[in-house]
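This report walks through selected elements of one protein chain, with attention to what is covered, what is left open and which side chains meet. Please keep the structure in view while reading.

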Amino acid sequence: MKKYISIDIGGTAIKYGLIDDKANILENYERKTNAQKGGDHILNEVLKIVENFVNKNDQIMGVCISTAGVVDTKKGSIYHASELIPNYIGINFKKAIKEKFSLPCQVENDVNCAGLAEYKSGASKESSVCLTLTIGTGIGGCGIVDGKVLHGANGSAFEVGYMNINGDKFENLGSAKTLVEKVSKEKNEELSLWDGKKVFENAKKGDQICIKAIDQMCDILGLGIANLSYMLNPDTVVLGGGIMAQEEYLKKRIEEKISLYLEKRFFDKLSLKFAKHKNQAGMLGAYYNFRDLEEK
């Protein structure tokens, strides 16, 4: 059986495991990223993970990596990263893995991997033009047209969190982080007492502050999705991220907001869906990316 090592590097956790050639996850683990230790630390952690699997398994065909940051997909290195991971820029996973293990490696941005996973076997399967948004601490985006991820001139396409809306950044207004901060401020309570789950629980019980904050988030998301739809004209928009577990509460509200800002000829073509693969999206997307590139 052909096996692939898949690694999803996030700011908080590194998820990793083995995937077979039918995209079945055979093993699945997680460890802390310790992002503050920097790029060299993360590279060493990745090499340890690969070495452990290689020593225990035959027929390892390659290493598939999903990671935070802007990726130079040809080189397999980090082109740009936030300060949350110091000295991450320039880290070259592809080169290091090839030199140490003689294994092929492909590297892709984590939101692009999430979008690819949903396109290949999730919520946007069989879509021809798809936009995936991950709503969390910030807002990330992935555009896929006819099965191909749109990377842009330097790998920075669909960095939608930086998009200007109402005089501020999209992610400063519409992220899950902003929602929680807004509620804690309105209630004059410590931020540590609140998280997204609690906000929705209270909203469902009739808490007007939570309801208002969620409605404001939905309005910003609706406006952002409408603006992006005028550019990309997607048939499918997929929403992911932890807070999107609230599909039943959010879907109708966000659709109503999109319809306010998007002309009918665009809106009628658009299907709003919620991510299927959740925490496994990065690993699966990394595998699909590897397979597509290696098959070329």
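Contact here means that heavy atoms lie within 4.5 Å. With that cut-off in mind, and remembering that this is a predicted model, one can ask what covers the buried residues of helix H8. The cover includes helix H6 (196–204), helix H7 (208–232), strand S13 (236–240), helix H9 (264–267) and strand S14 (271–274).

**Helix H8 and its two sides**

Helix H8 comprises residues 247–261, and its 15 residues reach 21 Å from the first C-alpha to the last, close to the 21 Å expected at 1.5 Å a residue. The buried residues of H8 are Tyr249, Leu250, Ile254 and Ile258. These residues cover an arc of only 130° around the axis, which puts them on the same side of H8. On the other side of H8, by contrast, Glu248, Lys252 and Leu260 are exposed.

**Aromatic rings and charges**

A pair of aromatic rings is described by the distance of the centres and the angle of the planes. The count of aromatic pairs in this model comes to 9, and two of them are set out in the table.

| Pair | Geometry | Centre to centre | Angle between planes |
|---|---|---|---|
| Tyr29 and Phe53 | tilted | 6.2 Å | 40° |
| Phe200 and Tyr249 | edge-to-face | 5.6 Å | 85° |

Tyr29 lies in strand S3 (residues 25–32) and Phe53 in helix H1 (residues 39–56), so this pair ties together parts that are 24 residues apart in sequence. The two partners are covered to unlike degrees: Tyr29 is partly exposed, with a relative accessible area of 37%, whereas Phe53 is buried, with a relative accessible area of 3%.

For the edge-to-face pair of Phe200 and Tyr249, Phe200 lies in helix H6 and Tyr249 in helix H8, so the pair ties together parts that are 49 residues apart in sequence. Both Phe200 and Tyr249 are buried. Tyr249 also takes part in a second kind of arrangement, as Arg253 lies over the face of Tyr249 at 3.8 Å from the ring centre. Elsewhere, the charged end of Lys198 sits over the ring of Trp194, 4.4 Å from its centre, and ring pairs link Tyr4, Tyr287, Tyr288 and Phe290 into a cluster.

**The five-stranded sheet**

Strands of a sheet pair through backbone hydrogen bonds, either parallel or antiparallel. An open sheet of 5 strands has the order S10-S9-S8-S13-S14, with mixed pairing. Strand S10 (148–149) and S14 stand at the edges, each with a single partner strand, so one side of each is left without a neighbour in the sheet.

At the S10 edge, strand S9 (residues 139–145) and S10 pair in the antiparallel sense over 2 bridges, and Lys148 in S10 is the bridge partner of Val145. At the S14 edge, S13 and S14 run parallel and are joined by 4 bridges, with Thr236 standing opposite Ser271 in S14. The side chains along S14 alternate, in that Leu272 and Phe274 point to one face and are buried, while Ser271 and Lys273 point to the other and are not.

**A hairpin, a covered helix and a buried isoleucine**

Strand S2 (residues 13–20) and S3 pair in the antiparallel sense over 7 bridges, and Ile19 stands opposite Ile25 in S3. The hairpin of S2 and S3 has 4 residues between the strands, and Ala23 in this hairpin takes a positive phi near 65°.

Helix H3 (residues 110–121) has 12 residues and reaches 16 Å from its first C-alpha to its last, close to the 16 Å expected at 1.5 Å a residue. H3 is mostly covered, since 10 of its 12 residues are buried, among them Val111, Cys113, Leu116, Glu118 and Tyr119.

Ile78 lies in strand S6 (residues 77–80) and is buried, with a relative accessible area of 2%. Leaving aside its neighbours within four places in sequence, Ile78 is in contact with Thr67, Ala68, Val70, Val71, Tyr88, Ile89, Gly90, Ile91 and Phe93. Of these contacts, Ile89 is 11 residues from Ile78 in sequence and 5.0 Å from Ile78 in space, C-alpha to C-alpha.

Definitions and conventions:
Residues numbered from 1 in each chain as written. Predicted model: local features only at pLDDT ≥ 70, side-chain atom pairs only at ≥ 80, totals over all residues. Heavy atoms only, no water. Expected span 1.5 Å × (residues − 1). Buried < 20%, exposed > 50% of the residue type's maximum accessible area, 1.4 Å probe, protein only. Arc of directions from axis to C-beta. Phe/Tyr/Trp six-rings, centres within 6.5 Å; stacked < 30°, edge-to-face > 60°. Lys NZ or Arg CZ within 6 Å of the ring centre and 35° of its normal. Pairing = 2+ DSSP bridges.
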